[in-house]
Amino acid sequence: MRAFLVCLLVLATPTAHAKKRRQGGAHPAERRVARHHQRFAGNGTGGDSPKPEGGGPELLLTFDDGPALDKTPKVLELLDQHGYKAVFFVCGAHFTGKSAAAEKARALLREIVARGHAVGNHTVHHLFLCGKPGVDRAVEEIEGNGQLIADAIGAPPYLFRTPYGAHCATLEATLASLGVRPIGWDIDPQDWRLKNAVKIEATVKAALRRLDGRAILLLHDVQAATLVALPKILDFIDQENVRRGQVGRAPIKVISYDYLLEGRVPKAPDRSLPALARAAFESIFVPFWRDAAAPGDGGAGSPVDLGAVPRP
Ligand SMILES: [Zn+2]
């Protein structure tokens with residue numbers, strides 16, 4: 001109930017971030033992300049996620065910032081066509097309240113789960129969780145979104161990704177206190193910034209040609225250009241695997257969250273599902289800032305246009 005009230009309160013009070021975006025000003029996080037991308041654009045072939053033992057390359061598809069009523073269903077159709085499963089890191093601002101759009105978005109979340117995909121927490125309002133918002137607000141955003149997701153799909157999300165890839169000592173302490181381990185990514189075609197299907201496709205293809213470990217691909221199902229690029233990216237995986245077969249290279253296996261849980265879960269003291277799920281992910285994917293070689297100035301992500309979010 002507390003989380004629900006918090007969500008209503010937060011929704012009723014547009015954030016400084018949202019106001020600033022409507023005014024066209026760049027959020028500090030966006031400037032930080034832009035700097036990050038200048039340094040790391042096009043980089044990423046599984047650098048942060050450890051290589052699978054004895055197997056070929058593996059790819060986890062992730063889609064952030066949705067669900068989008070006009071785009072996410074198309075993503076689901078494309079994934080079904082290829083038999084691929086993905087993780088959707090969603091923002092509760094899209095599916096809170098009593099509006100028809102919010103109810104449709106909650107139904108869409110259930111559809112995501114029904115089709116075998118996983119739903120992860122990406123905060124209610126895609127808030128930059130370091131600095132000014134403070135610890136209480138960060139907790140509200142994380143727990144509030146967890147509650148909204150649980151209300152929609154009947155189970156809390158076990159996966160979490162920080163908006164903008166934000167990381168700082170305060171946030172790390174907050175996440176630790178909540179028992180939350182954030183998930184990073186390895187391949188980032190910057191779809192949210194480029195909004196150019198050709199460039200998005202080219203960046204992902206280049207990374208997949210080089211891939212020989214395990215990698216997480218970051219895409220945004222709220223971006224129109226991503227929807228244009230996605231069928232070509234998924235077709236390319238099939239073509240690349242044919243090519244790899246011809247030269248004796250192991251094919252890229254597109255993995256699901258369930259795959260990570262099955263037979264790959266290390267012995268955990270607490271065998272409850274949340275602990276199990278976290279342990280599985282922690283054993284396979286390393287949050288990028290725990291890697292000494294990872295950038296120190298932030299990751300990526302895309303801002304949700306709160307102006308387009310239906311209000312309760
Ligand atoms: Zn994001």
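Is A150 buried, exposed or partly exposed? Keep that residue for the last stop; the tour starts with the whole chain.

**Whole chain**

Show everything first. This is a predicted model, with a mean pLDDT of 75 for the protein chain. Of its residues, 66% reach a pLDDT of 70 or more. The chain has 312 residues, and buried ones make up 47% of them. Count 12 helices and 5 strands. Among contacts with a separation of 6 or more, 81% are between residues 24 or more positions apart.

**Ends to hide**

Select residues 1-48, where pLDDT stays under 50. The model has 85 contacts beyond four places in sequence for this stretch. Then select residues 283-312, where pLDDT also stays under 50; here the model has 88 contacts beyond four places in sequence. Where pLDDT is low, predicted coordinates should not be read in detail. Hide both stretches before going on.

**Core**

Select L59, V87, F88, L109 and L217. These are the residues with the most contacts inside the largest nonpolar core, which has 64 residues. Nonpolar side chains in soluble globular proteins tend to be buried together.

Now centre on L59. Beyond its neighbours within four places in sequence, L59 is in contact with L211, A215, L217, I252, V254 and I255. One of these, A215, is also the bridge partner of L59 in strand 4.

**Strands 1 and 4**

Extend the selection to strand 1 (58-64) and strand 4 (residues 214-220). The two run parallel and are joined by 7 bridges. In strand 4, 7 of 7 residues are buried. In a regular strand, side chains alternate between the two faces of the sheet. One side of strand 4 carries R214, I216, L218 and H220, and the other carries A215, L217 and L219; both faces are covered.

**Strand 2, helix 5, strand 3**

Next, select residues 86-90, which form strand 2, together with helix 5 (residues 100-114) and strand 3 (residues 118-121). Together these three elements make a right-handed β-α-β unit. Strands 2 and 3 pair in the parallel sense over 4 bridges. To see one bridge, pick V90 and its partner N121 in strand 3.

Which residues of strand 3 are on each side? A118 and G120 are on one, V119 and N121 on the other, and all of them are buried.

**Helix 4**

Move to helix 4, residues 72-82. Colour T72, V75, L76 and L79, which are buried. They lie on the same side of helix 4, because they cover an arc of only 100 degrees around the axis. The buried residues pack against strand 1, strand 2, helix 5 and helix 10 (224-246). Turn the view to the face away from this buried side to find E77 and Q81, both exposed. Just after the helix comes G83, which has a positive phi near 70 degrees.

**Last stop: A150**

Finally, select helix 6 (residues 134-153) and zoom in on A150 within that helix. A150 is partly exposed, with 14 other C-beta atoms within 10 Å. The count explains the label, because a buried residue needs 20 or more such atoms and an exposed one has 12 or fewer. To end, show A155 and P156, which A150 touches when residues up to four places away in sequence are not counted.

Conventions
Residues are numbered from 1 along each chain as its sequence is written. This is a predicted model: local features need pLDDT of at least 70, side-chain atom pairs count only at pLDDT 80 or more; totals for chains, interfaces and linings use all residues. A nonpolar core is a set of buried Ala, Val, Leu, Ile, Met, Phe, Trp, Tyr and Cys residues joined through C-beta atoms within 7 Å. Two residues are in contact if their C-beta atoms, placed from the backbone, lie within 7 Å. Two strands pair if DSSP finds at least two bridges between them. A crossover is right-handed if, with the strands pointing away from the viewer, the path from the first strand over the helix to the second runs clockwise. The arc is that of the directions from the helix axis to the C-beta atoms. pLDDT is the predictor's confidence in each residue, from 0 to 100.
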